[in-house]
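User: Can you walk me through this model? Start with the metal sites, then we'll see.

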Amino acid sequence: MDLKYTRKNVFKEADGKQLQEIYNYAEGYKQFLNVSKTERDAAVAAQKLAEERGFLPYTFGEKLKAGDKRYYINRRKNVFLIQVGTQNVEEDGIRIMVAHVDSPRLDLKPNPVYEDSGLCYFKTHYYGGIKKYQWTAIPLALHGVVMLPGGKCVEVCVGEDECDPVFYITDILPHLGQEQAAKPLAKAITGENLNAVIGGLPAIGDEEDKEAVKSAILNLLNKKYGMTEVDFQCSELCLVPAGKARDVGFDASLIMAYGHDDKVCAYPEMTALFESENSPHTIVSVFADKEEVGSDGTTGAQSHVVGDIITAIANSLGADPISTRYNSKCISADVTAGYDPEYASAYEKRNSTYIHCGAAVSKYTGSRGKSGSNDASAEFMGWLRDIFDQNGVYWQTGELGAVDAGGGGTVAKYIANLGIDTVDVGVPVLSMHAPYELISKADVYSLYKACLAFCK
Ligand code: MN
Ligand code: MN
């Protein structure tokens, strides 16, 4: 009997077969990441994967029965995958897993296009918590939709194909950057500095045109998308880091990519649901939107939609919705800050999560004395520990950084506020919210195994 607790490195514990499974699982995850840069992209990817597995669209009011597999996509950004089990949901509740599929990025302003000194630009307004200096001098891709007059929705994706052009935010050269270099990091690049170059070829023929590059760009956009400048006001377009997820290290044990937060949890919860066809439980996997800006609005985890879906499932099975809700359990699947020895002072070593050490359980998050946190009960932690240990899940626990180093929150409290036992379980990330974040293949696989155990 081990009297002392020691964190285990998954790669040291895994046998050859498990190691192969870990690396294989990572390939599927990278494919999902590459097509899921925004919440709209992730919703399309999830729908496709669900339909391949026999899921059908869910409509409110429809009668459900054991074995049914349904998806509900709320406003093209917020996905609910529903699998109905054989247990009575009134007593057994629903096993709920919630991850978010929005990631920090640069949204275009409503009037984004301008020309200055021979170049044409997009003005942006950042979305979520970013370190602004990290977004200059990297390749950016444009994703989103534009509504044309009359209701036609045009899809835009430029910069992901090898042959596509990308977009680019300039930085000052070090030779002339003395003034900038003397500023604190947070002020060296401002939000209003984040303007992306979108072209430089002037329209010819009209000598009077003072914005000939802008005219030429608008002409290109009109030809390709049928849009005019005013249509930007009815669009959702954002700039995200261009390119695909890449393996990191000679041993390829890690993955560098945009948007691990929180697709690194969305993919495991979704695939775990897909692999739980024989589970007696009713299982719901949620992809939430707007987590990076507070989970508000029609597609965020604070929306009534989450509770309404639970009520609708209970009603359709002839169960009491309140009992169903109160007996439900939830994994709030979100990333946490893995211990980074390069920035050791921001962490408390004994209560951090570590890369390669498995699924990261956070009993609470929050800041300034756990404020704004869901603090999972000892009873629920004990229940979860037993199912993880019985199913050979590699897991660890830790806080998001040292006390008063900062802090953060997840969707956990919004689900818990519905009367549902909830705990954060995710993946430790290095360089969280950077254009390219770093995770371990062992940890994304461990979260998958944790979600499988939760669904079993
Ligand atoms: Mn997150
Ligand atoms: Mn985040």
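Analyst: Along the chain, the donors of the manganese ion (ligand 1) are spaced H-x160-D-x72-D. Donors here are N, O and S atoms within 2.8 Å of the metal (3.2 Å for Na, K and Ca), and since water is not among the atoms, sites may look incomplete. This is a predicted model, in which local features need pLDDT of at least 70 and side-chain atom pairs pLDDT 80 or more, while totals for chains, interfaces and linings use all residues; side-chain values use heavy atoms, without hydrogens and water. Residues are numbered from 1 along each chain as its sequence is written, with chains lettered from A and ligands numbered from 1 in the order in which they are written.

User: Which residues coordinate the manganese ion (ligand 1)?

Analyst: His100 (NE2), Asp261 (OD) and Asp334 (OD), the last listed twice, at 2.1 to 2.6 Å. His100 sits in strand S4 (residues 94-100) and Asp261 in helix H8, 161 residues apart, so this pair links distant parts of the chain. Helices (H or I, at least four residues) and strands (E, at least two) are DSSP runs numbered from the N terminus.

User: Are His100 and Asp261 buried or exposed?

Analyst: Both His100 and Asp261 are buried, meaning under 20% relative accessible area with a 1.4 Å probe and protein chains only (exposed is over 50%, partly exposed in between).

User: And how far apart are the manganese ion (ligand 1) and the manganese ion (ligand 2)?

Analyst: They are 3.4 Å apart, and Asp261 coordinates both. The manganese ion (ligand 2) also has Glu292 (OE), listed twice, and His433 (NE2), with its donors at 2.0 to 2.6 Å. Glu292 lies in the loop between strand S14 (282-288) and helix H9 (305-316), and His433 in the loop between strand S20 (428-429) and strand S21 (437-440), so the pair ties together parts 141 residues apart in sequence. Glu292 and His433 are buried.

User: Switching to cysteines. How many disulfides does the structure hold?

Analyst: Zero, a disulfide being a pair of cysteine sulfur atoms within 2.5 Å. For Cys265 the closest cysteine sulfur, in Cys451, is 7.8 Å away, which is too far for a bond. Cys455 is in no disulfide either, with the sulfur of Cys451 nearest at 6.5 Å. Cys265 is buried at 0% relative accessible area, and Cys455 is buried at 0% as well.

User: Which residues of H8 and H13 make the contact?

Analyst: Among them are Cys265 and Pro268 of H8 and Leu447 and Cys451 of H13, contact meaning heavy atoms within 4.5 Å.
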